[in-house]
Amino acid sequence: MDAILLQILNGLDKGSAYALIALGLTLIFGTLGVVNFAHGALFMIGAFCAVTLQKLMNLSFEVVDESQQDFLGNPLKVETPYVEAWFGPEVGAAIIDWSVPLAILFAIPIMLLVGYVMERGLIKYFYKRPHADQILVTFGLAIVLQEIVKYFFGANPIQTPPPDALSGSIDLGVMVGFDPNAIIYPIWRLVYFGFAVAIIGAVFSFLQFTTFGMVVRAGMADRETVGLLGINIDRRFTIMFGIAAAVAGLAGVMYGPLNPPNYHMGMDFLVLSFVVVVVGGMGSLPGAVLAGFLLGILESFASTTWATTTIPGINQIIIYLVAIIVLLTRPRGLMGRKGVMEE
Amino acid sequence: MTNKNVTRRGVLKSGAVASTGLALPTIFTASSAAAFTNEPTGSSVVLGFNVPQTGPYAEEGNDELLAQQLAVEHLNGEGDGGCLNTFSSKVLQGNGILGKKVEFVTGDTQTKSDAARASAKSMIEKDGAIMINGGSSSGVAVAVQGLCQEAGVIFMAGLTHANDTTGKDKKANGFRHFFNAYMSGAALAPVLAAEMGNERRAYHLTADYNWGWTQEESIVASTEALGWETVNTVKTPLASTDFSSYIAPVLNSGADVLVLNHYGGNMVNSLTNAIQFGLLDKVANGKDFKIVVPLYSELMAAGAGENIKGVLGSMNWNWQLQDEGTKAFVKSFGEKYGKPPSNSAQTCYAQTLLYADAVERAGTFNPCGVVEALEDFEFDGLGNGPTWYRGADHQCFKDVLVVRGNQNPTNEYDTLEIVEITPRAQVEYDPEHPMFAGGDLGECNPGA
Amino acid sequence: MLGLNKKDTSLLIIVGLLTLLAPFILNPFPEGSAMAQFNAGYPDLMQRFVIFGIFAIGFNILFGLTGYLSFGHAAFLGVGSYSAVWMFKLLSYNVIPAIALSVVVAGLFSLLIGFVSLRRSGIYFSILTLAFAQMSFALAYSVLSNPKFNLTNGETGLQVYADDPQILQGANSPDLPHLFGLPMRATYTMDVGAWSFDFNAGYYLCAVVMMVVFYLAIRIFRSPFGMMLRAVKSNQQRMNYTGLNSKPYTLAAFVISGMYAGLAGGLMAAMDPLAGAERMQWTASGEVVLMTILGGTGTLIGPILGAGFIKYFENIFSKINDNVLHSWFAFLPDGLEDAVVFLIHPFIGKGWHLTLGILFMLVVIYLPGGLVEGGQRMLNWFKNKKTATDDTKSGKTEPAE
């Protein structure tokens, strides 16, 4: 029982990342009709916003300390971050400690801007082009973005640890009456799940309860008519692109402490997130979220010893197997609309 | 639309055209005046440095490339000479190899067997490389080694740790300086016994491909010989980026040691996840929970950051060693590039020098002469103390390091501390050991 | 000729000449000169050009004609390679049975996957093929290479060992892939002055195979069957309403393109007897999609151009390092030399991905029809210019450019 609960938690956690990325992809696809292969790169850029902020916080001045030596036997240069010098060691250290959560504030404007520039500078010209061209150009963009990040940050993963207060794990099992150590779960993973739920909730309420969201939904359903009503739907869609980029970016910022960011993390998620979107049904936001969590949970269960001994290698193929089964039984994914991307 | 459909007759006709075409190339048969592949005829000789430059191991490859360039400088008599001054064999004079200036070409393995072979082939076919060196995975090493055997050039392996490279897949034209999974197990076992006792229960997470399996097999064998029990061995897909679902069940499994048979990004993530789950703070079976990472590298340590503190593992070499060869190499490398070299850099540097030295001693670039010169060659002064290139399987035998993540690093480079230098005798094994059996060196192939 | 119209005949002849003379065309720079870095006329790369050309031609039959975008075609290439190497292991190093089996196995495999995947269309079809290919890759990489049942030899790649049966291997036949005794690796090097040209047996085998399958592709494009496939692309629904069942046609196209991929895989193994699992990964499937789109979807020659373009970058640009750059710009003053090298550095060697990405974007943005459109535009431009200069010539006399 406890093992099952544990894997459900893991699944929700994995699913959070899938759902957030798939949500952004679907937003872009649903509004602009563009297949965005650069979406994984946006996730990666978000994570590197956190890395950059952490580096900025750790910008240091050097003092040569004659009493210590570096690896070549020369006097050691001791580095003190400016932040610590300005705010005092304690406050400074606390700011550095909380750099990942702080990076959220840092990442939102950056990601909105990145999304805006991408849409106005490139994607705009591809609305009327075939999906294959969209795939190729956004794939090219993804490569370029990730190579730029690699050029500046290297190929090695970079740790972005969570704040001390939120690192480590807590014993959830004891709280609900299990034995100690039965369900130990990292705090940051719980934070990530909560964060994902909050973001998903925010996006849905934005679309559901604001006038802006209403217009966007109308535009998704029938772009032409909304345009005929004299509404500048293009501008709103551009903003939606920015929001989708921000969702992917924030997913990336918060993901850093779970697994250290590297330049190709976007590509690792790209294929998976497309599978998630399609399983959920092209163009369906709830479908994307549902499929994200569903695949996350199934993936977790497939990796248990019980599953891998029953069917060897099931943990390698579960996602794809599920995708095939879903698509063969439900032609348009779990909640897809008719006629979207079927030609 | 005047055209007909494809007919059987049409296909037959075109088939006839095809077969006349097939006869054509027989006019050109392999003919070459050279005694062996890519015999250097001019005033220079070309070495091929085939390292990952893109993909997850790009940093590792970059470090290897720096070391290889340094080796070329030293061979050509530039710079401070590095290990040429400490190497026990004194035939290298800093005037190139056999008086020929050393030049090099570089390529990208992408850490894929296919791409690595394509890159090595282009070095051999286009650039006339006479030796291929580098790489940071065993799959690539075995693939390129096989290619070099067929093409008739020497392969000096870079970082490759799977037993198969000098076991099942060993080749006469291939040589490995790096240590292997068996040696990791043999070196780690006594230290594990001393630090953790003889009654431990181990849980293995293993990358699900050839290297992971051989390492798991080696570590399981050597720890079970200590009296440890293996609770479970779980294979994780190579493509995994998140290991939470594999780590989560560990605590309730009754194990008190977690062995991570992962490398590179896999290891960084699985270790980070294990620390997140608080494994190291837990007590299981009345003992402190421990994590072991049998194969360490400096770049992984840097990627894992704080998480490696106190975690045991093994290494081929470390810049903190105090022998003369190591000091000379670290000094040259550090002064040139401003950072200490990694152990994959060191193995590529040593391999390049060893090749050059073997050519000098053999007096020829002919691969068969080089093979003969390297087989059962005893040397010292390249780091790790006295070393033996065993002729039976072309595996180097030297001291192996057991290291631990440093609790209080003083700078960004001493993230690992050396716990023990396991003497060579302790990691030696019979060439016919079951973990290595089944291969055949074959005959050296000079090509042409 | 051969049942082709004039335009197609000349295209076939041009492609034939280009492949026949490739060793000359691809080695325009003298050996040892600074530009020799850009020479691509060595056996391995020439083989790769042609093999990936075959792969892309086949992919284009499916994607270019029917519009079905398969994201899993690399699986067929991988299966083809594995079958070829198994033939080497079991029978002999002769390439004919190996290539034959690789085509057959890939055909059967694509029949199976196509039958299931073609139940859906659009992106749902793409994801189904992707899922099948990724499953094949994952299984080949790990599960199918376990010691008890080693079908693929996993990470290392399937290769021939000395203790393999090779029951038909003659005592005198070469110990590497050969065509009735002619080793695929046999290369005749012709030195002309400072130039050197390689004529490789394996390359010419691939080239001949490519000419044959290129001819077949032209025939398919021009046949009623090809017409039917185009109808599927333009409006499948209408086709169904007229009472035609389009599925047998699309399935046939899928299997044909799968067999092309298998053929490419078999040739790859014949040139180099090792089959790695990475051949089946989604990036490999994506690569052939890129080749086709980049070259010009639905055109005959486009996919071959696209394949050449990508393979050229992968193999030539990744090998340029700072040393090479310094030797190129050695004529500049020191400071300037370093500055130029510094500026170019991010785009070469380990940065070849970056260059490739930028070029993808440029081609797609400015040449929606791919490289073929680029060629056409250039042709038109020349024609226009010629007529323009003719006009000016008739008006007043100006020196020709």
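In which helix of chain A is Ala307(A) found? Ala307(A) sits in α13, which covers residues 305-310 of chain A. This is a predicted model.

**Around Ala307(A)**

Is Ala307(A) buried, exposed or partly exposed? Ala307(A) has 17 C-beta neighbours inside 10 Å, so Ala307(A) counts as partly exposed. Beyond the neighbours within four places in sequence, Ala307(A) is in contact with Phe301(A), Ala302(A), Ile314(A) and Asn315(A). Lys14(A) is 293 residues away from Ala307(A) in sequence. In space, the C-alpha atoms of Ala307(A) and Lys14(A) are 18 Å apart.

**Contacts between chains and domains**

The table lists three contacts and the residues that each side gives.

| Contact | One side | Other side |
|---|---|---|
| Chain A with chain B | chain A: 39 residues | chain B: 36 residues |
| Chain B with chain C | chain B: 47 residues | chain C: 52 residues |
| Domain 1 with domain 2, chain B | domain 1: 14 residues | domain 2: 14 residues |

Take the side of chain A that touches chain B. Two or more residues come from each of α1 (2-32), β4 (184-186), α7 (187-209), α11 (265-280) and α14 (314-329) of chain A. The largest share, seven residues, is from α1(A). By class, this side of chain A has 15 nonpolar, 18 polar and six charged residues.

Next comes the side of chain B that touches chain C. Here α1 (8-23), β2 (101-108), α3 (113-125), α4 (138-151) and α6 (210-226) of chain B give two or more residues each. The most comes from α3(B), with seven residues. This side of chain B divides into 16 nonpolar, 19 polar and twelve charged residues.

**Domains of chain B**

Domain 1 of chain B takes in 44-179 + 319-398, and domain 2 takes in 182-315. The centres of the two domains of chain B, taken over C-alpha atoms, are separated by 30 Å. On the side of domain 1 that touches domain 2, at least two residues come from each of α2 (58-75), α4 and α11 of chain B. That side of domain 1 of chain B has four nonpolar, seven polar and three charged residues.

Helix α11 of chain B runs over residues 343-362 and has 20 residues. From first C-alpha to last, α11(B) reaches 28 Å, close to the 28 Å expected at 1.5 Å a residue. Is α11(B) mostly covered or mostly uncovered? Mostly covered: 18 of the 20 residues of α11(B) are buried. Gly363(B) comes just after α11(B) and takes a positive phi of about 75°.

**The sheet in chain B**

How many strands form the open sheet of chain B with mixed pairing? Seven strands form this sheet, in the order β7-β6-β8-β11-β12-β16-β17. Why do β7(B) and β17(B) each have one side without a neighbour in the sheet? Strands β7 (229-236) and β17 (416-422) of chain B are at the edges with a single partner strand each, so one side of each is left without a neighbour in the sheet. Neighbouring strands of the sheet are turned against each other by 25° on average, direction ignored.

Strands β6 (residues 201-207) and β8 (residues 257-261) of chain B run parallel and are joined by five bridges. Tyr203(B) has Leu258(B) in β8(B) as its bridge partner. Helix α6(B) lies across β6, β7, β8 and β11 (290-295) of chain B. The angle at which α6(B) runs to β6(B) is about 165°.

Methods. Residues numbered from 1 in each chain as written. Chains lettered and ligands numbered in written order. Predicted model: local features only at pLDDT ≥ 70, side-chain atom pairs only at ≥ 80, totals over all residues. Contact = placed C-beta atoms within 7 Å. Helix = DSSP H or I, 4+ residues; strand = E, 2+ residues; numbered from the N terminus. Nonpolar A, V, L, I, M, F, W, Y, C, P; charged D, E, K, R; others polar. Expected span 1.5 Å × (residues − 1). Buried ≥ 20, exposed ≤ 12 C-beta atoms within 10 Å, placed from the backbone. Pairing = 2+ DSSP bridges. Axes fitted to C-alpha atoms, helices over the stretch in contact; angles between N-to-C directions. Domains from an automatic or database assignment.
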